[in-house]
Structures are given as C-alpha cells and as structure tokens.
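Me: Could you walk me through this one, feature by feature?

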Number of protein chains: 2
Amino acid sequence: MKVFFNGSFIEKEDVKISPDDRGFLFGDGVYEVIRSYNGKFFMFSEHISRLNYSLKELKINYYETDKLEKIAKELLKLNSFENIDATVYIQITRGVAVRSLKFPGGDIMPTVYITLNKLNEHYYSYKNGISAFLVDDIRWKRCDIKSVNLLANVIAHNQAIDNGSEIGLFVKDGIITEGTHVGVFGVKNGSLITHPAGKEILPSITRKVIFDLCIKLEIPVLEQAINPENVFNLDELFVVGTSPEIAPVISLNKIPIANGKPGIISIKLQNAFNKLIKGI
Amino acid sequence: MKVFFNGSFIEKEDVKISPDDRGFLFGDGVYEVIRSYNGKFFMFSEHISRLNYSLKELKINYYETDKLEKIAKELLKLNSFENIDATVYIQITRGVAVRSLKFPGGDIMPTVYITLNKLNEHYYSYKNGISAFLVDDIRWKRCDIKSVNLLANVIAHNQAIDNGSEIGLFVKDGIITEGTHVGVFGVKNGSLITHPAGKEILPSITRKVIFDLCIKLEIPVLEQAINPENVFNLDELFVVGTSPEIAPVISLNKIPIANGKPGIISIKLQNAFNKLIKGI
C-alpha cells in the first residue's frame, strides 16, 4: 500500500512515526475520513473545512489542506483504488518535538499522514439495520474537534460490542448526544429529531447531507435532544456517518425499536442518499 | 540516546512507530514518568502499580511491568545517566492493528517505549514559587487513568502560559480538581487541603509521599475540594508532582496568594522531601 507521509508517496511499511511525535505522546492531532465512491470523492471540500476548523481550534499550524485532494487522488491512482469504494484517512499532528505540554516553537513541521482503506464489509451490513447500546458519554467537552484523542470512543465502542451490539450511543446528562463514531437521528410523526450542533457533538458532514436531503424531501428536522427513555416511543432511529452512511438502528439495549425493522423514512433517506452518490 | 523499544535497546532515531499504532491513531495507551535521583529511582514500584492500574482499566494486555525497573536501570547505564538527575518515560500502547475502534484480537503485542530525559531547568526554578492560572477542566471523566489522551492538558497548559503563568489549575463544577500535570494542595491554619481521590484526579504518587510526610510531621490533611474563590483566604498553595516535586504557588491569575512568597509549611515539606530523596 502506497501512502503519503510528510511530503512523499511511500510504502506504508516505510512510514516511521517518531516516538517524539506529539500524536503518539499526547494524541495532539486531528483527522478526517473521506469516502471515495468508485474513485470519486464525496464531500471532500466539506471534510477539508472541518479539518481546517479542528486545526484552528487546536492551533496546529498547517496551512496546506488545499493540496490534500490532489494527494488523495494520486493515492487512489497509485493503489489502483480508482474503481472501488474506499475511504481516505488523513491524520495531521502538531509534529515532532521534545516532550512537553507546552506548544513547540513556530518552526515545528506538522506530521501529515494519508492512507486509504478498502471498505470493511460490516459497513454494508449496516444498511439492513444494526443494534445499539447506551454508553456513558465520558468524553471531553470539545467533541466538536475531530481529534485523535479517541480513548473514550474506543472504550464505549467495545462496551457496546461486549453487550452484543454493533454500535454505542453516548448518553450525557440524560440525553443521547451522538454515537461512538456516528450522528444519531430519531423519527417521530414524519419529522427527524437530532441533537443540536455544539461542543457536545461532531459537526457531522453526513448530518449536513441529511439536512439538505430533508429540504428536498420536505421532511421537517427538529434539532433537539433525544431522551434514551423516549427511544421506544419513536417511529424510527438511525445513525449517520461517512462510513456507515445511513444505518437504521433496529434495537436499543437488545429491545426492538418500533417493529424492529428499518423504518420508512430511514429507507427513503437511504435511497435519496444512494441517488446522490450515483450522481457525483 | 539509547532507548528501549519493543524488546530491544536501540538508538532513539531508529525507533519506528507504525502509523497503525493505536497510540498514534487513538491515543490508546498509557504512560508513567519516574524520577531518577543520582541514578537511584524514586517510588518505582508505586509508579508500576499505577501503570498496572491504567493498563487494567483500559484492558491493555501487557503483563511484564515487573521487568521495567531492570530495563530502566540498563538505560541509565547505557546513557551514562547514573550520576545525574533524570526522568524515565515509559509509554505502553495497545499495539499495532488495522484502524478500528474495536479492540484487536488477543494476539496483539503492546508497543513498549522507554526513554530518559535530563531534568528541564524550570523544574528547579519551580522551587522558588510559581504562578498559576485557572483553566476550565474540559477533560474526560476518567482522569484517574494515566493515558496519553492529553489534548485537554495540552490546551490548558498553553492557556496558562499565554496568560503569563507557569501552570494551569483545572476548575470543574466550581472547584479546583488538580493542575495540568500536578496535584494541588492548599494550607489553612496549619492543615493541608486537597481534592479527594476519585475519577476526577490522577492518583498522584507525590501526593502519597506528601501524605506520609504529613503523618511524620504531624500536619493534618483534609481531603476536600478547594474553591477557586477561597484560594486568597488560604495561607499557602502548592502543587506536587514527579518532576516539580513540591512547588509553592505564589500567585493565581496574577494576584498574589497570601504574602506572595513560598509559605512555611510548603518549605517544611520541601525540606522533608529533600531529606527523603537523599536517603534513597
């Protein structure tokens, strides 16, 4: 596998992350995962905007994000990924410096690592409906930054798996914020319900796509929190993200939601999403 | 500099952290910093106990922590650090695997990296008293685990520096939890006051040392939270940690604490600590 590392296209096994990389020492870095459908990127510039936001919020001085699409395209070519579905993984850390919480001087060069991944099979199975499990949202208070400080997500995801579910839904102060790596939407009486934007959740790109689709499909969207106890009064529940796209959630904590099958609006949105993808 | 990496003593520049290391991708790892005074370790076994706790809490399957002291000793020798003051840095991550929040299979080998650092000069200047700045404690809810998910600490520390102070003190729900990399103690009417143990703070080894010294010196210790507004009613404030040992805090948010000089009990404890160090 050819990857991009600090200015060069090299074999993945030749990448040498320094033990003084602040990504390794502190998780002092940010990332993005972007879908490539049959060689065509989806929402690349939106992902770059979010990457720029994360970099800015963490004061990581990397200003060449406008070059990343060209680099990602070259990687698709070098790895013969031009005719398959894949994800582009971009990670940028503050760089390499003597270990100190203090930001290093202005001449530090951020570490830039870009690789590709073939889509994992479970992403496809997600489309038929998945099971979710409620987990305590113990994350930090800046979930709007897409950083690699993901330990709370790792723990929560495995807690869900250990409890026989495929995905974890974070609960904070009695409301569902988002999933361990996805946004969460409820459906009630034909309207969507989802947590308002803010520091508690990631500004999901797929959420934005859904919002746009809802305008076209004339589906009202209410930005309000979902109470875990109210999930079983919902008509549908689904999660959204770059990798799983739109995945209906058919059970929560092993209890079926509504009739335990993907709901009408979830399927309607999946179809609209697929149509959108075909058009890129 | 010779370091220890995955079973071998090698030159630091030959260490090659994989971009698939979960430490780099998720901050999925733990660490310890241990003091070496003139070639002699201080509280090594206590640090190893805490390391074992962090590993256990995160379900990282590394069971050879009993070998780390011998390895650290060898590093002191290989680098001619036997007659100077230094710190040993130990980082253990879950290992290298295809990127997924899900824990990899049982055969994954944790990454083990150990290096030495000469003591930074500012650690010595800390002894004359430092300035602190209040920062919002936006960390996750498992601060008792010494993980490398340190982004909140990085941000807070730099916020303190940007505000002309040397150290940040975290405030959560209206009380001081701990410092960005230290424990916090107040002194009032001859008694020490410090945040109770729990998930909000790291189980500091130096805190334990202080507790023991206080028994000998007959100084009462109250485990209760300090309210930021009450800091200026205290007789003294100091922070403790493996690197700064005991450092008096002489100002908070640029306002002097008490008479703006290191207090009697802080100095008394520093002297007792120094005596303890000389005896190891």
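Reply: Let's take symmetry, cysteines and domains in turn. This is a predicted model, where local features need pLDDT of at least 70, side-chain atom pairs count only at pLDDT 80 or more, and totals for chains, interfaces and linings use all residues. Residues are numbered from 1 along each chain as its sequence is written, chains are lettered from A in the order in which they are written, and side-chain values use heavy atoms, with hydrogens and water left out.

Me: What rotation superposes chain A on chain B?

Reply: Copies are superposed by least squares on C-alpha atoms of residues with pLDDT of at least 70 in both. Here a rotation of 180 degrees with 0.0 Å of shift along its axis does it, at RMSD 0.0 Å. The two copies are thus related as by a two-fold rotation axis.

Me: How many disulfides are there?

Reply: A disulfide is a covalent bond between the sulfur atoms of two cysteines. With the cut-off at sulfur atoms within 2.5 Å, the structure holds 0 over all chains. The sulfur of B:Cys143 has its closest cysteine sulfur 14 Å away, in A:Cys143, too far for a bond. B:Cys143 is also buried (under 20% relative accessible area, 1.4 Å probe, protein chains only), at 7%.

Me: And how much area is buried between domain 1 and domain 2 of chain A?

Reply: Interface size is often given as the accessible area lost when the parts come together. Between domain 1 (2–119) and domain 2 (124–278) of chain A, bounds from an automatic or database assignment, the buried area is about 1900 Å² (1.4 Å probe, summed over both parts). A:Tyr31, A:Phe42 and A:Arg50 supply 31% of what domain 1 of chain A buries there.

Technical notes: Buried < 20%, exposed > 50% of the residue type's maximum accessible area, 1.4 Å probe, protein only. Buried area = accessible area lost by both parts, 1.4 Å probe.
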